[in-house]
Amino acid sequence: MNNVVCFVLGGGKGTRLQPLTSERSKPAVPIGGKYRLIDIPISNCINSGIRRTYLLTQFNSVSLHRHVRQTYNFDPFNGGFVEILAAQQTNDGADWYQGTADAVRKQVRYLQQSDIEYVLILSGDQLYRMNFREMLDVHKSNKADVTIATLPIDQEKAASFGITRLDENGRVRGFLEKPQSQQELDHVKTSPEWIDQQGIESKGREYLASMGIYLFNRDTLVDALLKTDYEDFGREVFPASIRAKHVQAYLFDGYWEDIGTIKAFYESQLEMASSTPPFEMHKAESPIYTRPRFLPSTRVDNAEIKESLISDGCVIEGTSKITHSLIGLRSYIGKNASITGVVLMGADYYPSDPRGATKNAADPPIGIGEGTIIEGAIVDKNCRIGKQVVIRKPNGCPEDGRCGPVIVRDGVIVVPRGTILPDGWKLDNVEPCKF
């Protein structure tokens, strides 16, 4: 894999993930209690033997840069790196990235090193585990110019994805973005028997969705970037490659989730806390890497915890109840609190750390106060939630709206980063309004 280089696309403004992306980029959003989204594609590369990775960033990227810099340091004998390529003014141009393909085009000089033969293009906001060696083997064995990872899905989901149409050899012959009519769906349907023959159980699935993961021959990609003004891989580069080049499909049948909305994020995180998670962080043969933190073990004082994940450095006081929730780093949960269906991201500081102090001494400390009830919510980092607070959706609450300092997106309550809720604050008492 020494002749493979990877470009991870840091994504746009992440509008659909706000307010989680108000102060950070999508790949920097915390997941799994102690990781960030960017850890997923980089870990997949490391576990696949890919040692050269470039991360293209643009929006709200300070915390992302800090995380990557503190996490991915290869030893000098390895020769590997994870380098950040931020949008910047150069002699060749002063524009920001105009799309996924344009972002790589503006950094094309990093592709033109003589020892690079293949280029892997990944997204920084997807949750999955994949061995890219297998994808490269399919690419080589079929003498392809481009290989795209595809996921079998059923007709109900097909209208939300770009669907590939293959021939009997797995070569991509057509591509349709989000087919809606039955005629369009029939045009891109794949025989379940053919999928079964590839070693994947079709289970009634008849459509192969693009995962937004591309493997290019280096020269093919460079030509596509320098000889056209295409700005996006999915909408322009990939469809054009089907017409002019040999594009092969790589079938994947593991867990995959595009973390593009608040609902998708919320549901994927709570799935991790279930007794049978569809995506497990702890796999010895393919671990997910992240920044090492020197935190103490979590202390639990006579609390009741069911079907939940608890991260490092937490303090959970007595008689508290935590059910089907994900508890992030340095979380403090006071006595007799009730946490149900909550993604609690934790804190950057302990309550006693002066770096986390506010100007108002009356503000509650970082964490969850005594007797507080939280249900069906995402609580971002460094929130100060006082005693006897109630956070749960009131009757008539809109699917998208603001309730005082709290925001509802996709039907999920989100307490934005650093929010302060005083003792006794109740969501029931706040008149909801639509955006």
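In the predicted model, the lining of the largest cavity is made up of seven nonpolar, four polar and two charged residues. This lining comprises 13 residues in total, and those that lie nearest the centre of the cavity are L344, G346, I366, G367 and C383. The volume of the largest cavity comes to about 70 Å³, and the count of cavities of 30 Å³ or more in the protein is three.

Among the pockets, the second largest one encloses about 420 Å³ of space. Its lining is formed by 20 residues, and R36, S63, R66, D348 and R417 are the ones that lie nearest the centre of this pocket. When the lining residues of the second largest pocket are sorted by class, 10 are charged, six are polar and four are nonpolar. With regard to secondary structure, the element that gives the most to this lining is helix α2, which spans residues 62-71 and supplies five residues.

Over the whole protein, the secondary structure amounts to 30 strands and 10 helices. The radius of gyration of the protein is 23 Å, and the globule rule gives 22 Å for 435 residues; the two values are close, so the protein is as compact as a globular protein of that length. Taken along the principal axes, the box filled by the C-alpha atoms has dimensions of roughly 65 × 50 × 40 Å. Of the 435 residues, 54% count as buried. As for the contacts between residues that are at least 6 apart in sequence, 65% of them join residues that are at least 24 apart.

The cysteines were examined for disulfides, and the count comes to zero. In the case of C45, the nearest cysteine sulfur is that of C6, at a distance of 3.5 Å, and C45 is in no disulfide. Because a disulfide requires a pair of cysteine sulfur atoms within 2.5 Å, the distance of 3.5 Å between the sulfur atoms of C45 and C6 does not satisfy the rule. With respect to accessibility, C45 has a relative accessibility of 0% and therefore counts as buried, since the cut-off for a buried residue is a relative accessible area under 20%. The value for C403 is likewise 0% relative accessibility, so that C403 also counts as buried.

Note on methods
Residues numbered from 1 in each chain as written. Predicted model: local features only at pLDDT ≥ 70, side-chain atom pairs only at ≥ 80, totals over all residues. Heavy atoms only, no water. Buried < 20%, exposed > 50% of the residue type's maximum accessible area, 1.4 Å probe, protein only. 1 Å grid on protein atoms, 1.4 Å probe; cavity = no way out; pocket = protein on both sides within 12 Å on 5 of 7 lines; lining within 4 Å. Points joined across faces, edges and corners; volume = space filled by probe spheres on them. Helix = DSSP H or I, 4+ residues; strand = E, 2+ residues; numbered from the N terminus. Nonpolar A, V, L, I, M, F, W, Y, C, P; charged D, E, K, R; others polar. Rg over C-alpha atoms; globule rule 2.2 N^0.38 Å. Contact = heavy atoms within 4.5 Å.
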